[in-house]
Amino acid sequence: MEKHKVIELRHLTDSSFVVRMERNGLEFQTGQFISVSLNGKVDRREYSVYSGEKDDYLEVLVREVERGKVSGRLKNLKAEDDIYVDGPFGFFKFSPQTFSSKKFLFIATGTGISPFHSFVRTHRGLDYQLIHGVRYACEAYGHSDFETGKTILCTSGDDGGNFSGRVTDYLYSQRIDHDTNCFLCGNSEMIYEVFDMLTAKGIPVSNIYSEVYF
Amino acid sequence: MNLSDGERVISVLNEAGYEWTDNEEEAGLIGILACSVRQKAIDKVYSRIYKWNKWKNHKNLVTFISGCLLPDDHEKFLKLFDVTFQMKDLPKLPEMISRYGVTTPVHLNVGIDPHNENIEEFWNVKPNYQSGFEAFIPIQNGCDKFCSFCAVPYTRGREVSRPSKDIISETALLIAQGYKSITLLGQNVNSYGLDKKGEEISFPQLLREIGELGKRMKREFWVYFTSPHPRDMSDEVIEAIAEYPALAKQVHLPMQSGDDKVLMRMNRKHNMEKYRNIVESIRRIIPQATLFTDIIVGFTGETEEQFENTRKAMEEFRFNMSYTAIYSPRPGATSHRWADDVPLEEKKKRLHILTEELRKHNRPYNKNLVGKTVRVLVRGSDRKEGYLSGHTEGKLIVRFATDDEKITGQFVDVKITSASDFSLEGELMEQVEAGSVGFKAATHG
Ligand SMILES: Cc1cc2nc3c(=O)[nH]c(=O)nc-3n(C[C@H](O)[C@H](O)[C@H](O)COP(=O)(O)OP(=O)(O)OC[C@H]3O[C@@H](n4cnc5c(N)ncnc54)[C@H](O)[C@@H]3O)c2cc1C
C-alpha cells in the first residue's frame, strides 16, 4: 500500500465526510475504487473514488457506519495525517465513448453517489439523470456538482427532496428508454429491487451495471 | 496453486542439500505453504505450529511459513515461525535458514507485496515435480477481480503474468520428458498478458503457441488450464482449443451462481446472458468438450428463488462436474463483513439438490459412453482392489482391471463396459506407447 497525506476532511453531515488526500500520481478510471487503511496492514476497506480523473487530488466520500471498524476512525483524520491506499480496482468503469447509446441513468443510495460524482466531474456534457435515495435531504452529497435539472433526490425520512419515498417508489412510475445504460451503486437491497424493476420495464440485463457496497 | 508452489520449494531445498522425509517427527526443518482462503486451513496451521514449538524443547527444529497469507495472519505468524518469506523470495530460503540462529528469527520482507515485484525469481526456480506424468505450470500470480467472497487479491496481490517464453520452454521441457498432462495455473488464466499492456501475448495466443509446440514435438499430451473467468472468456480461446489436438477438450468455467442478482453481489462482473453465450460457443465450436464448473450455495442473502435459478442453470448447462461449495465467509474477503444468513441446514439441502441435479445429467451422459473406446491417462491404483484408474481427455474418471501397475502415467485405450453417476468402468484394450502419435484417436469423453 502507498502512503498518501491527508489534505483536508470536509464534513457534509454529522456522519458523512469527504477525505481529500494527495494523489501521488495514482491513475484511475472514473468508477473505480481504492482500498484504504489507516496503518497499511490490516483492516482495509474499499471506497469509490469521488474526485474526477483530472483532479490533482484524490477524494473519497465516507459515511460513518455505526460500530464500524474503519469508517469511524477515518472520521478522525486531520490534515497532514498519513493514510494508506492500494488500487485502483474494479470494473464499474465509465468511459462514455464506449457506449453506442449515450443515454445514462445513475441510481444510487447514500454514499453510492460517489462514483457518479466522479463520472460527472470527469465527463462534461453527459446526457444523464441521477436518482439518489437518502433518508434526509441534508444527505444530498455533492449535488451542486451535478447539472441542475438532472438530479432527483428521493428522501424517505423527510419531505426535503424532489420526491418523498424510496428510489424504487420513484422509479415505479417512470418510463425508461430501453437503450438507456443504467448504473446502480449502493446497498444490495436497492440494487436487487431496481434490477427487477428495470428488467420488468424491458431494459436488457446487458445494459445494467452495478457496484454493491454491502 | 499451492501444489505447484510446493514443487518449487522442494526443489530449492533439495539443491541446498535437504532431504525429504514423510515422517514429521524425524524432520529438522518443517514448513507450511498456507492458504488463508479457508479459515479451517489457517486453524490447522495454528495447531501444528504450537505442537512443533513444543518439540523444540527436546530437539533442533527450524520452522518456516509462506504461501497465501492474509496480512492479519502474517503478523501473527511472525511470532510463531522461525522463518517467514514471500513466495517471490523463495530462492533466498536456504540462505535464510542458514542465517537462522545468527540473527533469529528471519522474516524477509514482512508484509504482502500487492504488486508482486520480482515474482519472476520464484518462477525461475526449477520445480521438483511430484509426478512423472502430470505437472502444473504457473502462468500468472494474483488476481484483480475482487469477487466479494474471495480474499485472493489480498493474499496474492495483483495479477502478474509470467513471461510466455518461460511458460513455453517449461512446457517443452516437460513434453520432452514424456509428461502427459499439463495444467496451466492461475487465478484468472484468461486475463493472462493483460497486465503487460501489449508487451506480452494474450491467453489465446499462448494456447496457440503451446498447440503449435504439440504439433512440432509429435508427442501426445493434454494441456488443461484453470481457472478462467467468464468475463475474459472469448471465442478465440474456444477456437484455439478446437484447433489443436494438444489442448484438452475440457473447459472449467466457474459459474458460482445461476442468478444475476447474486452474481452482482458476488461482484462477478458477468451475468447469466454472458455465461450462456460462452457455453453456447463451447457447444458449437467443441461439441465433444466436457464442461466443469464451480458453484457456491448459500451465499449471503441467497433466497430460495435465487437458488432455484442456480438449479435451473445446472439443468440447462448439463455440467459434467461441479465443484459445489457451501458458502463460508473467508477472512479478508468483502463478504466476510456481511451477514452469513443462510442457515447451515439450508445450505446443506441446497448442496444436496445440486448434487442430485448433476447426477441426473451425468447418468445418461456416462451411459452413452458404454461400448465406446476412450483414451485414458492412467493415474494409479483405484480404491477397488485389482483396478487402476485414470481420466479421459475430458477428465471423466475411468477404472479398469489390471495387475500391471507399470502402466501408471501412460495412455491406454479402455472400452467402457459400465457407467455410474460419477465414474466409468471398462476393459483395457491397448497400451499407447509413450511419445507416439496418430493412434486411433479415442473421440469420446
Ligand atoms: C466496492 C466497494 C466500494 C465501496 N465504496 C464506498 C464508498 O465510496 N463510501 C462508503 O462510505 N462506503 C463504501 N463501501 C463500504 C466500505 O468499504 C465499508 O464497508 C464501510 O465503510 C464500513 O466499514 P467499517 O469498517 O466502518 O464497518 P465494518 O466493521 O466493516 O462493519 C460494517 C457492517 O455494516 C454494514 N455496512 C457496510 N457499509 C455500510 C453502509 N454504508 N451503511 C450501512 N451499513 C453498512 C456491513 O454490512 C457490516 O455488517 C464500499 C464497499 C465496496 C465493496
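Domain bounds, as used here, come from an automatic or database domain assignment. On that basis chain B of this predicted model is divided into domain 1 (2–107), domain 2 (119–367) and domain 3 (373–432). Two topics are taken up below: the surroundings of the ligand, and the contact between domain 2 and domain 3 of chain B.

**Ligand site**

- The ligand is surrounded by 24 residues, of which the closest are A:Glu46, A:Gly68, A:Lys69, A:Val70 and A:Ser71.
- The site is shared between chains, because the residues that surround the ligand come from chains A and B.
- In chain A, at least two residues of the shell around the ligand are supplied by each of strand 4 (45–48), strand 5 (57–63) and helix 1 (71–74).
- By residue class, the shell around the ligand divides into 10 nonpolar, 8 polar and 6 charged residues.

**Domains 2 and 3 of chain B**

- Between the C-alpha centres of domain 2 of chain B and domain 3 of chain B there is a distance of 25 Å, and the contact takes 18 residues from domain 2 of chain B and 12 residues from domain 3 of chain B.
- On the side of domain 2 of chain B that touches domain 3 of chain B, strand 11 (290–297) and helix 13 (344–367) of chain B each supply at least two residues, and helix 13 of chain B provides the largest share, 5 residues.
- The residues of that side of domain 2 of chain B, the one that touches domain 3 of chain B, divide into 5 nonpolar, 7 polar and 6 charged.

How values were computed. Residues numbered from 1 in each chain as written. Chains lettered and ligands numbered in written order. Predicted model: local features only at pLDDT ≥ 70, side-chain atom pairs only at ≥ 80, totals over all residues. Near = placed C-beta within 6 Å. Helix = DSSP H or I, 4+ residues; strand = E, 2+ residues; numbered from the N terminus. Nonpolar A, V, L, I, M, F, W, Y, C, P; charged D, E, K, R; others polar. Contact = placed C-beta atoms within 7 Å.
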